[in-house]
Amino acid sequence: MATPETKATLKALQAVNDNNACSECGALNPQWASVSYGIFFCLQCSGRHRGLGVHLSFVKSITMDKWKDQELERMRVGGNRPWAQFLAARPAAEVAAASTSIEAKYNSWAAALYRDKIRTEAEGGVWSLAEAELRVPQPPPYAPREWNTAGTSSGFGSHSATNDESADGGGPGAAPAPASGDAILASITSGWSMFASKASSLARTAGTKLQEGSKTLVEKAKPLQEKVKTQSVRGWGMLR
């Protein structure tokens with residue numbers, strides 16, 4: 001839970017730099033933020049940012065999460081308007097490519113450069129675009145992840161982020177794109193069919209073994225039954 005001081009700081013920041021509206025869709029009074037860019041956004045868009053991966057966008061609630069001083073400083077040096085202006089000032093081809101989807105936008109070189117800017121200035125350094133363009137690698141053009149007929153993805157590796165990387169927003173590498181609805185449905189359907197088939201097989205096996213066990217138990221009980229019957233007859237004869 002954010003402390004009263006943290007809430008007050010973030011509330012004050014929402015009064016400047018267009019931070020009172022979602023940086024992605026324009027919804028008012030956003031309650032979520034990306035430490036990587038110092039921007040604010042709504043609940044729905046926070047889910048889209050989380051889907052990018054922490055190496056591209058480190059998301060926090062402005063009321064429910066605890067905040068470090070360094071994270072608050074990144075929010076101070078960032079802002080919705082500065083990020084929008086920085087992106088708009090990039091070369092036209094880069095802006096056009098970044099505008100195709102939120103994944104393309106935050107996998108872009110502009111996003112990598114701006115993450116570097118926020119990190120540098122929050123640490124008290126002086127940031128230069130010219131120097132950053134020589135230092136920060138330019139990522140390959142973003143391409144949505146493709147899915148084969150088996151419902152598995154191809155072309156992307158996994159990314160494991162450390163705590164430091166989460167706070168930094170990580171490097172400029174491409175983030176996995178969310179799976180399409182058809183691919184997810186196909187994967188779920190296939191998995192359920194395999195589960196149902198296996199469960200049915202186990203049930204048949206269990207039924208067969210239960211029948212065999214019952215038959216064996218009856219066979220073993222017959223000698224005992226005959227013995228009890230014989231002893232009962234003898235005992236009854238002695239009483240007579």
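The largest pocket in this predicted model has a volume of about 220 Å³. Thirteen residues line the pocket, and those lying nearest its centre are Ala97, Ser108, Pro140, Pro141 and Tyr142. Helix 5 (residues 92–98) gives the most to this lining, chipping in 3 residues. By residue type, the lining splits into 8 nonpolar, 4 polar and 1 charged.

As for the chain as a whole, its secondary structure adds up to 10 helices and 5 strands. Of the 240 residues, 33% are buried. Taking contacts between residues at least 6 apart in sequence, 62% join residues at least 24 apart. The chain exposes about 14,700 Å², with carbon and sulfur atoms supplying 59% of that area.

Then there are the aromatics. A search of the whole structure turns up 6 aromatic pairs. In one of them, the rings of Tyr37 and Tyr106 sit with centres 5.0 Å apart and planes at 65°, so this pair counts as edge-to-face. The two partners come from distant parts of the chain, 69 residues apart: Tyr37 is in the loop between strand 1 (32–34) and strand 2 (39–41), while Tyr106 belongs to helix 6 (residues 102–106). Both Tyr37 and Tyr106 are buried.

Trp83 and Tyr114 make a tilted pair, because their ring centres are 5.0 Å apart and their planes meet at 40°. This pair also links distant parts of the chain, with Trp83 in helix 4 (residues 80–88) and Tyr114 in helix 7 (residues 109–122), 31 residues apart. Trp83 is buried at a relative accessible area of 2%, and Tyr114 counts as buried at 1%. Tyr37, Trp83, Tyr106 and Tyr114 join Phe86 and Trp127 in one aromatic cluster.

Terms used. Residues are numbered from 1 along each chain as its sequence is written. This is a predicted model: local features need pLDDT of at least 70, side-chain atom pairs count only at pLDDT 80 or more; totals for chains, interfaces and linings use all residues. Side-chain values use heavy atoms; hydrogens and water are left out. On a 1 Å grid over the protein atoms alone, a cavity is a set of points where a 1.4 Å probe fits but cannot get out, and a pocket is an open set with protein on both sides within 12 Å along at least five of seven lines; lining residues have an atom within 4 Å of a point. Grid points are joined across faces, edges and corners, and a volume is the space filled by probe spheres set on the points. Helices (H or I, at least four residues) and strands (E, at least two) are DSSP runs, numbered from the N terminus. Ala, Val, Leu, Ile, Met, Phe, Trp, Tyr, Cys and Pro count as nonpolar, Asp, Glu, Lys and Arg as charged, and the others, Gly among them, as polar. Buried means under 20% relative accessible area, exposed over 50%, partly exposed in between (1.4 Å probe, protein chains only). Contact means heavy atoms within 4.5 Å. Accessible areas come from the Shrake-Rupley method with a 1.4 Å probe; for residues, only the protein chains shown count as cover. Rings of Phe, Tyr and Trp (its six-membered ring) pair if their centres lie within 6.5 Å; planes under 30 degrees apart count as stacked, over 60 as edge-to-face and the rest as tilted.
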